[in-house]
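Work through the following exercises with the sequence and the model at hand. Each task is followed by a solution in steps.

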Amino acid sequence: MGNSDLRIDPSRPATCYIHHLLADSDDPACRGRYIRLIIHPNEDDLRAAGTAYNKRRGSDQDLRGSAGLFQPTRFRSRYDRKAKAWVDTTTAFAGIMRLADGYLNSQVIAHESTHAALHVTRLHDWAKPGSDGNADFGDGCDAREEAFAYLLGGIAHEVNNAVLQYQAALPHNPPAPEGDSCLCKMTCTPPRPTSTPSTPTARARPPRYATQ
Ligand SMILES: [Zn+2]
């Protein structure tokens, strides 16, 4: 896991990419994903950019009150008639995390990193035969949960590094407040398939629009 250097241009939101996100590093079939992190100059800019992005994806979600956001990518697959199997066609790109200056605190970082880690995990599960992309962690603190904890911790670490880089470059920004400032409204709830029947036609995975 790592991040590209934060690009800081005073006329634009700061941005970087967080790479090599593995939902399960012990699984040789696990694909590395990446997310884009954008730090907006304020929450109004975050909401405007988030709304515009949603609109391009056909969502009119109301982002009023949001001071942090994770916008996950879609689940995709196609049916391979030759192989008689569904093939995962999701992208390595897992989504955009948006943070806002003035709300760059540990609570928001942990919150949005959790959304990102869960979506990377869902994308990993989506690729498995017969899976519906649910991130099911079972009933115990086991290896699966441990893999998730590593993923989440790694994302939060990289986001925190980027935030520190941002704050070091722009020392005039106000100190990050702690407390009840995370107003992200469960932005990572793509619609789930209503059933998982076994025939290919009925099994057709609907395009899952992760429109928050
Ligand atoms: Zn949230």
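**Exercise 1.** Determine which residue stands opposite Ile 35, and in what sense the strands concerned pair.

*Solution.* Step 1: Ile 35 stands opposite Gly 95 in E7. Step 2: strand E3 (residues 33-40) pairs with E7 in the parallel sense, over seven bridges. Strands (E, at least two residues) and helices (H or I, at least four) are DSSP runs numbered from the N terminus, and two strands pair if DSSP finds at least two bridges between them. The model is a predicted one, in which local features need pLDDT of at least 70 and side-chain atom pairs count only at pLDDT 80 or more, while totals for chains, interfaces and linings use all residues. Residue numbers start from 1 along each chain as its sequence is written.

**Exercise 2.** Establish how strand E4 (residues 68-72) runs relative to E7, and whether E7 is largely enclosed or not.

*Solution.* Step 1: E4 and E7 run antiparallel and are joined by five bridges; Gly 68 stands opposite Leu 99 in E7. Step 2: in E7 (residues 93-100), six of the eight residues are buried, so the strand is largely enclosed by the rest of the structure. A residue is buried if 20 or more other C-beta atoms lie within 10 Å of its own, exposed if 12 or fewer, and partly exposed in between, with C-beta atoms placed from the backbone.

**Exercise 3.** Compare the span of helix H2 (residues 106-126) with expectation, and identify what H2 gives to the largest nonpolar core.

*Solution.* Step 1: the expected span is 1.5 Å times one less than the number of residues. For the 21 residues of H2 this is 30 Å, and the end C-alpha atoms are 30 Å apart, which agrees. Step 2: 16 of the 21 residues of H2 are buried. Step 3: a nonpolar core is a set of buried Ala, Val, Leu, Ile, Met, Phe, Trp, Tyr and Cys residues joined through C-beta atoms within 7 Å. The largest one has 36 residues, of which Leu 37, Ala 116 and Val 120 touch the most other members. H2 gives the most to this core, with eight residues.

**Exercise 4.** Locate Ala 127 and describe its surroundings.

*Solution.* Step 1: Ala 127 lies in the loop between H2 and H3. Step 2: Ala 127 has 20 other C-beta atoms within 10 Å and is therefore buried. Step 3: beyond its neighbours within four places in sequence, Ala 127 is in contact (C-beta atoms, placed from the backbone, within 7 Å) with Asp 88 and Thr 90.

How values were computed: Two residues are in contact if their C-beta atoms, placed from the backbone, lie within 7 Å.
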